[in-house]
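This report describes a single protein chain, moving from one residue to the helix pair around that residue, and then to the main pocket and the chain as a whole. Please read the text alongside the sequence and the model displayed here.

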Amino acid sequence: MASMALYAAAPLSLLLATSPLPILAAYVIAGAGVEIYAIHWEVALQRAVPDQLIGRMTSFAWLCGFGLLPFGQALTGPLSELTSQAAVLATAAGIALVVPPALLLVRGMPHLQEPGLKDEPCSSLPK
């Protein structure tokens, strides 16, 4: 989850940078964070969702993730005019910093595991 908070570097760079190089670096950092999160997300889906439902669950996740993007993009312009570009970018960075760690407060999130397996101490693993 913490890797997803790295995405805050993107709007912060647009808010604070005075040249293109820091913006490029921030987007590399943000992209790395998103990709690390994506790997964990896909593994968690494969482990937690039954095989007969994985297609539906993946489709729903993609629909929510990408299907709602146009709405956010459509709101960005009016919100920028209503407040300011700086306020919108700062809010986006704040959301990216607060929401991923807040998800750890959801019951079961910090300890995702494969269904049917019980927690075993690391010392019981084969050597």
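Ser13 has its place in helix H2. The model is a predicted one, and within this model Ser13 counts as buried because its relative accessibility is 7%, under the 20% limit for that class. Leaving aside residues up to four places away in sequence, Ser13 touches Pro22, Ile23, Ala26 and Tyr27.

**The H2–H3 contact**

The four partners of Ser13 are also listed among the H3 residues that meet H2. On the H2 side, the contact is formed by Ala9, Ala10, Ser13 and Leu14; on the H3 side, by Pro22, Ile23, Ala26, Tyr27, Ile29 and Ala30. By class, the residues of this contact divide into 9 nonpolar and 1 polar, with no charged residue.

How do the axes of H2 and H3 cross? Helix H2 spans residues 9-16 and helix H3 spans residues 20-48. Their axes come within 8 Å and cross at roughly 170°. H2 is therefore roughly antiparallel to H3, since angles over 145 degrees fall in that class.

**The largest pocket**

The largest pocket has a volume of about 1,700 Å³. Its lining comprises 41 residues, and Met4, Tyr7, Gly65, Leu69 and Ile95 are those nearest the centre of the pocket. Which helices supply at least two residues each to this lining? They are H2, H3, H4 (54-67), H5 (69-82) and H6 (85-102). The greatest contribution comes from H6, with 9 residues.

The lining can also be broken down by residue class, as the following table shows.

| Class in the lining of the largest pocket | Number |
|---|---|
| Nonpolar | 32 residues |
| Polar | 7 residues |
| Charged | 2 residues |

Nonpolar residues thus account for 32 of the lining residues of the largest pocket, while the contact of H2 with H3 includes 9 nonpolar residues.

**The chain as a whole**

The chain contains 6 helices and 0 strands. Followed along the sequence, its pattern reads α-α-α-α-α-α. Of the 127 residues in the chain, 13% are buried, and Ser13 is one of the residues that count as buried. Among contacts between residues at least 6 apart in sequence, 58% join residues that are at least 24 apart.

Methods: Residues are numbered from 1 along each chain as its sequence is written. This is a predicted model: local features need pLDDT of at least 70, side-chain atom pairs count only at pLDDT 80 or more; totals for chains, interfaces and linings use all residues. Side-chain values use heavy atoms; hydrogens and water are left out. Axes are lines fitted to C-alpha atoms, for helices over the stretch in contact, and angles run from 0 to 180 degrees between N-to-C directions. Helices (H or I, at least four residues) and strands (E, at least two) are DSSP runs, numbered from the N terminus. Angles under 35 degrees count as roughly parallel, over 145 as roughly antiparallel, 65 to 115 as roughly perpendicular and the rest as oblique. Contact means heavy atoms within 4.5 Å. Ala, Val, Leu, Ile, Met, Phe, Trp, Tyr, Cys and Pro count as nonpolar, Asp, Glu, Lys and Arg as charged, and the others, Gly among them, as polar. On a 1 Å grid over the protein atoms alone, a cavity is a set of points where a 1.4 Å probe fits but cannot get out, and a pocket is an open set with protein on both sides within 12 Å along at least five of seven lines; lining residues have an atom within 4 Å of a point. Grid points are joined across faces, edges and corners, and a volume is the space filled by probe spheres set on the points. Buried means under 20% relative accessible area, exposed over 50%, partly exposed in between (1.4 Å probe, protein chains only).
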